[in-house]
Structure formats: structure tokens, C-alpha cells
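Q: I have a structure to look at and no idea where to begin. Can you walk me through it?

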Amino acid sequence: MRPIELPQLPGLNQLRVVLGVCGGIAAYKSAELVRLLVKQGCTVQVVMTESATHFIAPLTFQALSGKAVHVSQWPAENGNQGNLDRGMPHIDISRHADFLLIAPCTANSMAKYAHGFADNLLDNLVLARNCPMAIAPAMNVEMWNNRATQRNISQLQTDGIHVFGPAAGEQACGEVGSGRMLEPFEVVLELARAVNPKPLAGKKILLTAGPTFEAIDPVRGITNRSSGKMGYALAQAAWLMGGEVTLVSGPTALPSPYGAHILQVQSAKQMHAAVFGQIEQNDLFIGVAAVADYGIKNPSVQKQKKQSDRAVGLHMEFELNPDILAEVGELASKRTRPLTVVGFAAETENLDEYASRKLESKKAQFIIGNLAQHALGADQTRLSIYSKRQPPERLDSMDKLSAAEAVLSFISKHTQTHTS
Ligand code: C5P
């Protein structure tokens, strides 16, 4: 299972979130959601419906958020209303918010928000808000599929409310289908996407990441030390910046980037086929994978046995693999629809020289360079961005998600100026 610890996501530090918790079994997930939001640097004010208090105690949220939880719209019934401006909780609480997030959001609350009802504190806050809002629906699959619910969901989307999820899968009621609340870390990622600028909105981005695995026989093969972390971070950042992302990944131990469509491959040839099956629909290609230059010519169908005779040794014939990036660069140079091509150069020496050469040899608009001995498998990286028109852009050493955001911002800014 994916570890729930997230790197620091853009836009969340110091974000003031009002978290509305409605009465569904998924309310237990919101405790973890509060923990993750607080870890990201958000201040979280929890407001519960009365029915939510039957699933989880306000005290749990109070402990995790460090703030008294509001339930009633009648101030005297709330233990602590001290931080309100005018003693008008139905207005004041969301006046102090940058974002109103309802998770879990039940079918009942969705229906109320779609029609503007206001008969509990949370409904009032929804109606009186002056900040963006999202819901993370959670309900039984039949309730989710019900035409009334679907009508309400499209009304809420028309009204500009973000809808996070729901996911499909096994439900608390034992049924299987759509209606599960997203996992807490997924809600946090959706929130980051909702609050951040989206320079890649409407853009389709295809990436390769990780090593390739060139089979010698059914159990052995040749691979390399690429962890895939940089490519996965770029895929995650591209989604956070509004892009529609497809990631072609060699074998890695990493959790899939949230929101990206992922195609798993093993060999360079498979990676090549997956990329060329997708490339036509894309606007930006980023080749991050450490693709093996050579594959085994005729991999053995059966596991090869050890030879006892030392003199015989082991002989393998290698063949050159396709150069995916160079072929994409070639395609882009002929295509009428613009395709921005970005490659990586992980070198152990002469980085500036080798990276600049790749701009030509791969027909790429940008090459991202780093020193292999610093970058391979590490969580931090120091990148330089090479392009034909200007001197290299040197980035500071930073975590790979931040580096990915910096690279994509640079590319998006500079491709806009190239094409306009
Ligand atoms: O010069 P080199 O081939 O090592 O350049 C590395 C860049 O080319 C990376 O972006 C890598 O993803 C890409 N590449 C590729 N196909 C290959 C070899 C490298 O796409 N067969």
C-alpha cells in the first residue's frame, strides 16, 4: 500500500481550511485527513454535522487540529465560539477560510448544497462562503448512481464546486462500485491541485521514467540504478499543474503518481512501443527514463544453466535499442501540431558539454542535466535546464517534487514565449 506521508505540496503551507465532516462511515478517514493537512502547514477548522458526531467524536478532530470543533448553529450549544467576529458562526467561520472542503460529503448534504438549503451550521457556511469549495463524496454505490445524486453532482460542478472522487472499490456496506471516499492523501493532492495555478491545463503530457529491464532469460536481466523518483515527481507535478498525464514506467518500487495514467513496461522496446502508441495525442514529451542502450539479442526462453567448464564462459549478443527520445524529437520536428520535447542527461562528468550536445542529437527543445552520482536514487537533486536560446538555468538543490515544479514552470513559460 502507498505510504501516506506526502512531500510538501505547493500551495498548502498556511492555507486556512474549513473542513466540513458529514455523517458517513468515511468520517473516520477525515481524522487522518486533518493530520495530513496540518502536516502540510494548513490551519484546519473542523465543522461537523450532528450526524457526523455519531461516527466520530469532535474531540478527535479537536486534538488533531488544535482547534475547538463547531457543530451547532446555535452559539450557546457550542463549547467554544471565542474566535468568531460577530458571534455569527454561520458566516464568520468561513470568512476566515481560504478553502471550504467537505469530506466526507453525504448524498444528503450534496442535495442540500445543490439546492441551497441551510438547516445546520455546515449548510449555512456553504451558503455564506466567499472562498472556493470542494466536496469529497462518500456513499453507497446505488446512492451514488441514483439519478437524483447525479443531477445534484452536475449542478454542483456547474456552480463551480470541485468534486474530489469518489473512488470505486469495496464499500463498508459490502457492495462494490463507485462511491468510496478518496483516501486522505488523495484528497490532500486534489486540494493542492485545486488551489494552485494550472499553467498546464488543457495540455497532454507523456513521460517515461525509471530503468528498463533487458531480459537475459525468464529470471535474469540487465537493468540500471535509476529509481524512477525524478520521473514520478515530474508526472505528479505535471498533474498538480493541471496537465493530463500519461507515464510510461519501467520497473520501480514507487507508488503511482496520483492522477496520472500509468503504463508499466519492462524493456526498452516495450517502452518504445508504449510511447509511440500514445505520442500523437500529446503536447509535451519528457524522457526521464534511463533506457538501456543495448538489449539482449536472443533472450533464452528457458533459464540458462551454469556451465561447469570455466573455459566455455557465458556469451551474450547485444543489439542496439531504439533511442526513444531521438525518435520523438525527429517526429516533433516534422509534425504540424507543436510537440515540446524534453530529455534528461545524467552524466558523471562534463555535464554542460554533454547536455548541450543532446539538444542537437535528440532534437530536443530542453535538456535537463544532473550529475548521476548526486541524483541516482536520491530524494534531492540539483538540476540545470539547457535550451538553445539561453544560457543554462541553474536550479538550487531541492527535493525532487519542487525541482519538478520548477522545471515545468520554466518549460511552460518558455514554450509559451516560443510559440507566441
Ligand atoms: O545520451 P543518452 O541516450 O543517455 O540521453 C539520455 C536521454 O535520452 C534521456 O532523456 C533518456 O530518457 C533518453 N533515451 C531514450 N532512449 C534511449 C536512450 C536514452 O529515450 N534508448
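Here is a short chat about the overall fold, one residue and a pocket.

Q: What am I looking at, and how many helices and strands are there in the protein chain?
A: Keep in mind that this is a predicted model. The protein chain has 14 helices and 19 strands, and its C-alpha atoms fill a box of roughly 90 × 55 × 40 Å along the principal axes.

Q: How much of the protein chain is made up of buried residues?
A: Buried means under 20% relative accessible area. Here, buried residues make up 49% of the 420 residues. The accessible surface of the chain comes to about 20,000 Å², and 51% of that belongs to carbon and sulfur atoms.

Q: Let's try one residue. Why does Ser94 count as buried?
A: The cut-off is under 20% relative accessible area. Ser94 has 0% relative accessibility, so it counts as buried. You'll find Ser94 in helix α3, residues 89-95. Leaving out residues up to four places away in sequence, Ser94 touches Val18, Leu125, Ala128, Arg129, Asn130 and Cys131.

Q: What volume does the largest pocket have?
A: The largest pocket has a volume of about 930 Å³. Of the 40 residues lining it, Val288, Ala289, Ala290, Val291 and Phe344 are the closest to its centre.

Q: Which element gives the most to the lining of the largest pocket?
A: That's β16, with four residues. Other elements that each supply at least two lining residues include α9 (229-240) and α11 (324-334).

Q: How do the lining residues of the largest pocket divide into nonpolar, polar and charged?
A: The lining has 20 nonpolar, 12 polar and eight charged residues.

Definitions and conventions: Residues are numbered from 1 along each chain as its sequence is written. This is a predicted model: local features need pLDDT of at least 70, side-chain atom pairs count only at pLDDT 80 or more; totals for chains, interfaces and linings use all residues. Side-chain values use heavy atoms; hydrogens and water are left out. On a 1 Å grid over the protein atoms alone, a cavity is a set of points where a 1.4 Å probe fits but cannot get out, and a pocket is an open set with protein on both sides within 12 Å along at least five of seven lines; lining residues have an atom within 4 Å of a point. Grid points are joined across faces, edges and corners, and a volume is the space filled by probe spheres set on the points. Ala, Val, Leu, Ile, Met, Phe, Trp, Tyr, Cys and Pro count as nonpolar, Asp, Glu, Lys and Arg as charged, and the others, Gly among them, as polar. Buried means under 20% relative accessible area, exposed over 50%, partly exposed in between (1.4 Å probe, protein chains only). Contact means heavy atoms within 4.5 Å. Accessible areas come from the Shrake-Rupley method with a 1.4 Å probe; for residues, only the protein chains shown count as cover.
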